[in-house]
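Good morning. I will go through one structure today, beginning with a helix and then moving on to a sheet. Please have the sequence and the 3D view open.

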Amino acid sequence: MSGAEQDLRAGLKALQLELNDQQVGQLLDYQALIGKWTKVYNLTAVRDPAEMMTHHLLDSLAAIVPLQRHLQQAGLGQGSRLLDVGSGAGLPGVVIAICCPAVAVTCVDTVAKKAAFIKQAVLALKLPNLTGLHARVENVAQPFDVICSRAFASLVDFTQWSAGALAPAGVWLAMKGKHPADEITALAPGVEVFHVEQLQVPGLAAERCIVWLRPKTTV
């Protein structure tokens with residue numbers, strides 16, 4: 001077993017996330033693919049494989065159990081749709097597509113080469129539930145049950161720009177570092193935070209959280 005696989009499996013155990021050997025292989029292949037493309041296209045500033053494991057893969061994997069819990073509680077199983085905004089190299093969208101085969105994941109980015117990378121990942125990793133889209137999120141109109149982002153924009157911009165793509169009972173999942181109290185205060189009156197979930201990323205001594213948001217229901 002390679003060092004990378006040992007680190008990944010140890011991280012999955014710490015996150016209490018059970019994946020099969022095929023999914024573990026896909027995650028490792030995905031990391032290798034990012035490394036290969038980054039040499040030419042500068043997909044990510046992180047070049048060191050060990051750092052890529054903690055800062056990218058395990059950081060994204062920390063959101064999987066909370067996402068699965070939400071989908072289960074919302075009664076969303078097979079056929080649920082997730083949009084990853086400003087996806088870049090596909091973090092966390094590609095990771096979600098690998099870990100949650102029942103979820104149809106679309107990664108949208110305004111940068112053509114990043115959308116092209118996602119399309120390459122679909123082929124290389126054999127992920128029929130993954131789509132790469134070169135567009136501005138404001139122009140995406142089909143409804144998604146979950147719209148997620150990781151280190152993308154302020155909560156105000158994220159929710160405002162993607163509101164048109166949110167399904168009627170949909171939610172936003174924003175992956176953040178420290179608790180973004182100022183961003184939460186600045187949210188539009190029509191958007192509410194219903195949960196802030198602290199994350200513990202294996203091997204990463206930094207604060208991480210998920211801010212769960214939804215449109216306010218008018219009585």
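One definition to start: the expected span of a helix is 1.5 Å times one less than its number of residues. Keep in mind that this is a predicted model.

Now take helix 2, residues 21-41. How far apart are its end C-alpha atoms? They are 30 Å apart, and that agrees with the 30 Å that its 21 residues should span at 1.5 Å a residue.

At the N-terminal end of helix 2, Asn20 acts as a cap. A side-chain oxygen of Asn20 lies 3.1 Å from the backbone nitrogen of Gln22.

Which residues of helix 2 are buried? Among them are Gln23, Leu27, Tyr30, Ile34 and Trp37. An α-helix has 3.6 residues a turn, so residues three or four places apart point the same way. Val24, Leu28, Gln31 and Thr38 are also on the buried list.

Next, the sheet. It is open, with seven strands in the order 3-2-1-4-5-7-6, and the pairing is mixed. The edges are strand 3, residues 130-134, and strand 6, residues 191-199; each of these pairs on one side only. On average, neighbouring strands are turned by 20° against each other, direction ignored.

Strand 3 pairs with strand 2, residues 104-109, in the parallel sense, over five bridges. Within this pair, Val105 has Leu130 of strand 3 as its bridge partner.

Two helices remain. Helix 4, residues 64-73, packs on the sheet, and its direction makes about 25° with that of strand 7. Helix 7, residues 155-162, lies across several strands, including strand 1 and strand 4, and runs at about 150° to strand 5.

That is the end of my part.

Terms used
Residues are numbered from 1 along each chain as its sequence is written. This is a predicted model: local features need pLDDT of at least 70, side-chain atom pairs count only at pLDDT 80 or more; totals for chains, interfaces and linings use all residues. Side-chain values use heavy atoms; hydrogens and water are left out. Two strands pair if DSSP finds at least two bridges between them. Helices (H or I, at least four residues) and strands (E, at least two) are DSSP runs, numbered from the N terminus. Axes are lines fitted to C-alpha atoms, for helices over the stretch in contact, and angles run from 0 to 180 degrees between N-to-C directions. Contact means heavy atoms within 4.5 Å. Buried means under 20% relative accessible area, exposed over 50%, partly exposed in between (1.4 Å probe, protein chains only). A polar contact is a pair of N or O atoms within 3.5 Å; within protein, one must be able to donate a hydrogen and the other to accept it, and residues adjacent in sequence count only if both atoms are side-chain atoms.
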